[in-house]
Amino acid sequence: SVLVEINGKQHQVPSGATILEACNLAGVYIPTLCNHPRLEPTGACRVCVIEVEGARNLQPACATKVQDGMKIKTKTDRVEKAVKFNLALLLSRHPKDCMTCEVNGRCEFQDLIYRYDIQDLFPSEEKTSTVYDDSSPSIIRDLEKCVVCGRCVRACSELQGMDIYSMVDRGFETLPQTAFEMPVYETDCIACGQCSAFCPVGAITENSNVRKVLEELERHDKVLVVQTAPATRVALGEEFGLEPGSISTGKMVAALRKLGFDYVFDTNFAADLTIMEEGSEFLERLKNGGPFPMFTSCCPAWVNMAEKLYPQFLKNLSSAKSPHQMLGPLVKTYFAKKKGIDPENILVVSIMPCTAKKDDIIRPQHMVNGMPGVDIVLTTRELGKLIKMKKIPYASLPDEEYDSPLGESTGAAAIFGVTGGVMEAALRTAYELGLGKPLPKVEFTNVRGFDGIKEATIDFDGKQLKVAVAHGGANVRKLLDKITSGEVYYDFVEIMACPAGCIGGGGQPKSLDKNVLTRRMEGIYTIDERSTIRKSHENPSIKKLYEEFLEHPLSHVSHELLHTTYVD
Ligand code: HC0
Ligand code: SF4
């Protein structure tokens, strides 16, 4: 560590830290827009400038490393003036329609303008940019609101390995643009939404369906069914001041009932079902000799990536639909029949940590009996917004339970929400169903954690199964390249496009906490540990579903409702 002086006080800080990190550790506030703890610093916004004794110019705190004996001043008139000037410049080119903005009240720029009491010094009537791109069902780009921080560019390239945007200088303005300024939906964009989760303002947001759902709730002329993804329950609370990783499943269910949904089901139930189908498919492939590796197929951004960039692997993807796309059709068949409801009169809403699910529900392959399996997707952020609009006191709601029969789930389903979870859940079931004997140990710890690519070898009655897990597009692409070149061989591979899996999904609450993913991951594994049933094939409601309706995994009905195809 090194000793630095910040505003006249000595602080011991880790060597190699940036001045911004050092000040954060010392509890000294520094404003910033372009910096994000999970992205490489660039110093682009110049809002974090500070004075360093001996240096003539102000320095960007995010991109300057501490040195032993450094004397840093963050509160001088010169700093204050520069920060205000830089904010005022940004404000001059920013629209002032905060009241109608998607992120009103949750905008980092708005907070800074308020905090520094910035007046509009250079009011301009002219729009600086007219790029408004709603081509994608997943994200909307309204670049008039862009503050040129470059976080979207970095999230897309550093984390996702996708490079959809680059900063384009058009003379009078610089903007994060697609190649040839194409609508984003026409590029190789996989709809993961990471760019929207890192945007500090409302320049890139999820393509919101809040109003649509609000209208359905108020009209209420249909049976309103909602399902919640595994990763939502450890993140939604953040929108209401709960610690990251707090498990608020019961409050979420209660809030959804208060909003007016008639049935609250759990995507986790269908995650158990996915394991039954996908696990059985894997066992079939072992019997029939492939094709290997078998890839998981539940991440729709990964499916987009495979279809757009790796068509050679489409035959390797499991044909199992993702859990929420299994639950929707089951609601409109199995459940509708049980309750005597006309399926045309049911609306299924999925609450997902994911923006790609908005794209996923309009795939023609997901139509069942002429109806979409799932009608509307709301991200975790959008659900937070809806709950706030309705003034529901989320944090103090008493816990409620999911409805049955599509609400019961196991610990195996819970861990779908983190990287490695689908693999672990699948192995728990494939082992016991395939070998007919109990697992020696229920946890597969080698596939857990944040390493970008994880591998394990599992002894499958003498056969050594090789499995791999990758998360975050950049890691995924590395792994796929190695598989393509023949450098590595695997039997089974789990892919999640977002960093850390769904807990880090592009539709999750925005966070500047660098430990947010660790906390959410802890929350997920805690749910698994606390579950009395931890293997999908032991879920009694799943057993009943097969007895009453599906017959057995990979049956004819299963194929009709629960499996899909891919196109390149
Ligand atoms: Fe996921 Fe899913 S686990 S993709 O990460 O498989 O979004 O949370 O809902 O469908 O279950 C996301 C999360 C899901 C699905 C499940 C899978
Ligand atoms: Fe890149 Fe994902 Fe944003 Fe598409 S949605 S531009 S792939 S970060």
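This report covers the domains, ligand shells, helix contacts and backbone features of a predicted model.

## Domains

The domain assignment splits the chain into three parts: domain 1 (2–75), domain 2 (123–206) and domain 3 (211–562). Between domain 2 and domain 3, the C-alpha centres are 28 Å apart.

These two domains touch. On one side are 17 residues of domain 2, and on the other 25 residues of domain 3. On the domain 2 side, α4 and α5 are the elements that give two or more residues. The top contributor there is α5, with three residues. The domain 2 side is mixed in class: eight residues are nonpolar, six polar and three charged.

## The shell around ligand 2

Ligand 2 has 14 residues around it. The closest are C156, I164, C189, C192 and C195. Two helices, α4 (151–159) and α5 (194–198), each bring at least two residues to this shell. Both helices also give two or more residues to the side of domain 2 that touches domain 3.

What is the class make-up of the shell around ligand 2? It has 11 nonpolar residues, three polar ones and no charged ones.

## The shell around ligand 1

Around ligand 1 there are 21 residues. A229, A231, C298, P323 and C502 come nearest. Helices α8 and α10 each supply at least two residues of the shell. Of the elements, α8 gives the most, with three residues.

By class, this shell holds 13 nonpolar residues and seven polar ones. One charged residue completes the list.

## α8 against α10

The two helices that serve ligand 1 also pack on each other. Helix α8 spans residues 267–288 and helix α10 spans residues 323–339. Their axes lie 8 Å apart, at an angle of about 105 degrees. Angles of 65 to 115 degrees count as roughly perpendicular, so α8 is roughly perpendicular to α10.

From α8, the contact uses T267, F269, A270, A271, L273 and T274. From α10, it uses P323, H324, M326 and L327. P323 is also among the residues that come nearest to ligand 1. Seven residues of this contact are nonpolar, three are polar and none is charged.

## α6 against α12

A second helix pair joins α6 (residues 210–219) and α12 (residues 380–389). The axes come within 10 Å and cross at roughly 50 degrees. That angle makes α6 oblique to α12. The crossing of α6 past α12 is right-handed.

V210, V213 and L214 make the contact from α6. E382, K385 and L386 make it from α12. The class split is four nonpolar, no polar and two charged residues.

## Backbone features

Most residues other than glycine have a negative phi, and most peptide bonds are trans. Three places in this model are worth checking against that background.

Where are the cis prolines P291 and P293 found? P291 is in the loop between α8 and β13 (294–295), and P293 also lies in the loop between α8 and β13. The bond from G290 to P291 is cis, with omega near 5 degrees. The bond joining F292 and P293 is cis too, with omega about -10 degrees.

The third place is H220. This residue is not glycine, yet its phi is positive, near 45 degrees. H220 sits in the loop between α6 and β11 (223–228).

Note on methods:
Residues numbered from 1 in each chain as written. Chains lettered and ligands numbered in written order. Predicted model: local features only at pLDDT ≥ 70, side-chain atom pairs only at ≥ 80, totals over all residues. Near = placed C-beta within 6 Å. Helix = DSSP H or I, 4+ residues; strand = E, 2+ residues; numbered from the N terminus. Nonpolar A, V, L, I, M, F, W, Y, C, P; charged D, E, K, R; others polar. Domains from an automatic or database assignment. Contact = placed C-beta atoms within 7 Å. Axes fitted to C-alpha atoms, helices over the stretch in contact; angles between N-to-C directions. Parallel < 35°, antiparallel > 145°, perpendicular 65-115°, else oblique. Left-handed = near helix turned anticlockwise from the far one by under 90°.
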